[in-house]
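Student: Please take one part of this model and look at it closely, strand by strand where that helps. I would like a single connected account that I can follow with the structure open beside me.

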Amino acid sequence: MGISLETNQVTKIYGEGDTAVTAVDQASFNVADGEFVAVVGPSGSGKTTMLAMLATLLTPTNGSITIGGQNLEKMRSRQRTKFRRQNIGFTFQANNLVPFLTALENVELMLRLNKAFDKNARQRAKDLLDRLGLSHRLNNLPNQLSGGEQQRVAIARAMVHEPSLVLADEPTASLDTQRAFQVVETFANLIHEQNRAGIMVTHDLRMVTYVDKLISMVDGRIEQITDDRTVIDGMANTTHDPASTVNQEADSAGEVVNGLPENMDYEYTK
Amino acid sequence: MSFFLSFKEIWRNRGRYLLFSLVIALITTLVLFIAALAGGLSKANRELIDNIQADLLIYQEEADLLISASRLDNNTLTDLRRIEGIADAGGMGFSTATVVYPAPEGEIDISLIGTEPGRPGNPQILSGGPLIRDRANEAVLDGPLAEKLGVKPGDQITIQTVQGTEKELYNLNVVGLSGSNQYFFQPAIFVPIQTWDEIKPQDTTARRGSRVIFNIAAVQLYDPENYSAMIPAIEGSIDGIQAVDKQTAILALPGYTAQQSTLNTQQAFTLLIGMLVLGGFFQIQTIQKIAQIGMLKAIGTSNGTVAGMTILQIITISIFGVALGVIGTFLIAMGMPPEVPAEFNSNAILGAIAALLFIGPIGGLVSIRIALKVEPLRAIGL
């Protein structure tokens, strides 16, 4: 299995001298093909900044990032745009889709941008949407789709061009519990099936139950990298207060729990 | 890529873009009408002078280039014809009269122009023949006037002028028709200058026999290109006169420059307003799309494609809007009464259309800048 993503001592510092803010401090980690990783942490932990650097939208102050064997350091602005277009797939918290294109056209957009749009490409887009359970929604506009459906179309768009790295920024931000689990499960399955490197930034710890590796960040530093199942599942289940009177436990992923547990880590990003 | 995205967006939001086009169409119609009016008024004023087959016009010096104040006589003509470089000179008298017969649509006021048969100043003949005899009741009619009256060469018309305090009628034989020759918003009838001298409106009747006094002289040069050099030569040889080229003479026509500059200012302002309004529309449009543009850039759309999208939309809407406006103008022009002096076939109109095609893109420059400056980091909230 190849390593799709390598980061080495990646640092991002804003400002200088006394007013310098270290958003990310010497982060080092790898993600392999077919590996699904979650980056978690509270607001201000630097996870979004980290995501931006992985997506070539920000340049690190120090350290190096290598995606699909290519080092990002040497790239100039236009090169980076092209690299992003060809090698990275991205889904966002909101405004994922172009409002005047249908679901299918939104997915095809990625192929058109890469000038790789032909009959086979169109079929691949359709197949991907089908795999995501959206074959009856191909010609719908985004405003005719539910939040979960929009997010799934975005996933298809992020993967149709067979990128080295797939990034998801808070994919469950505006979804209810059932949809959230659905989307992340599907995402995980696709990552595994298509053997891509996938990274999900999320503050919803319940979702980490689907990932292969968990990276925790606090104040810009990586606190923990683990692929230990027990630790990860433990994280996924820590979102309820054991002393609460409502005795909830999500014992397996995907099960609808009755009522939300208390003390959920629901922060909304900036 | 830009094409695909632009047209998809226009199509899915066609109501809104149709509105933009309509605004452009309305501005187009307004600008074209002003341009046409300017052209028509200009023509109605200057056509005759424009058409005089002469290289220079001679005025009495004190007249300050006002035709009606200028007084010259035969001596001037003799002196002119003696100057080296001058091929010929002809006197021209300007006055007004009314055609009373035939009058299928009522009496018509006309400009009564006296010219010397065979000399410069006579109009180009389109049908029939020119004025021949020095002292005859012959007339050459302005073509559109003849059409309106329903006369052709060989027919007779009757005109009326005031002599002293009495209205007098004179019969004239139509010998020929010229092209359109408007002077001072009136069609022209050309008669031999001596006839003109007799029948033109005047204060007293008791000046028959004395020398003919007319207004200006039309001069043809052997070397028309050399007219600017001839001016000092002529003014030096003859006392009390002023020689100018036709363009200067036209600019001196009463009201001409005032009219034209007013209308041109109106045009310019309308174009400016159009630019600002459209600029505003496109700017608001683009601002509403900032999140979308950020997302597109984050997934790897280049700045070039984003700018291309924006400008393509602007250009498409502009072309469509101007086309609509031109069609609308055309339809309205067809239904306009003929008395309105509006000239729709001219370079001025083409120039106006070209300017209109640009007001969208120039107005839209701001929105292109906005689109280019959107940061893809917005898409992830940074």
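**The open sheet of chain A**

Tutor: A:Met217 has A:Ile222 in β10(A) as its bridge partner, and that pair is a convenient place to enter the sheet. Please keep in mind that this is a predicted model, in which local features need pLDDT of at least 70 and side-chain atom pairs count only at pLDDT 80 or more, while totals for chains, interfaces and linings use all residues. Residues are numbered from 1 along each chain as its sequence is written, and chains are lettered from A and ligands numbered from 1 in the order in which they are written.

Strand β9 of chain A (residues 213-218) and strand β10 of chain A (residues 221-226) run antiparallel and are joined by five bridges. Two residues lie between these strands in the hairpin, where A:Asp219 takes a positive phi near 50°.

From that hairpin one can work across the whole open sheet of chain A, whose six strands follow the order β6-β7-β8-β3-β9-β10 with mixed pairing; two strands are said to pair if DSSP finds at least two bridges between them. At the edges stand β6 (88-91) and β10 of chain A, each of which pairs on one side only. From one strand to the next the twist averages 20°, with axes being lines fitted to C-alpha atoms and angles running from 0 to 180 degrees between N-to-C directions.

Further along that order, strand β7 (residues 165-169) of chain A pairs with strand β8 (residues 197-202) of chain A in the parallel sense, over five bridges. Here A:Asp169 is found opposite A:Val201 in β8(A).

To set the sheet in its chain, chain A has seven helices and ten strands, counted as DSSP runs (helices are H or I of at least four residues, strands E of at least two) and numbered from the N terminus. Among contacts in chain A between residues at least 6 apart in sequence, 70% join residues at least 24 apart, a contact meaning that C-beta atoms, placed from the backbone, lie within 7 Å. By the same kind of contact, 22 residues of chain A meet 20 residues of chain B. On the side of chain A that touches chain B, α1 (47-54), α2 (77-87) and α3 (103-113) of chain A each supply at least two residues.

Conventions: Two residues are in contact if their C-beta atoms, placed from the backbone, lie within 7 Å.
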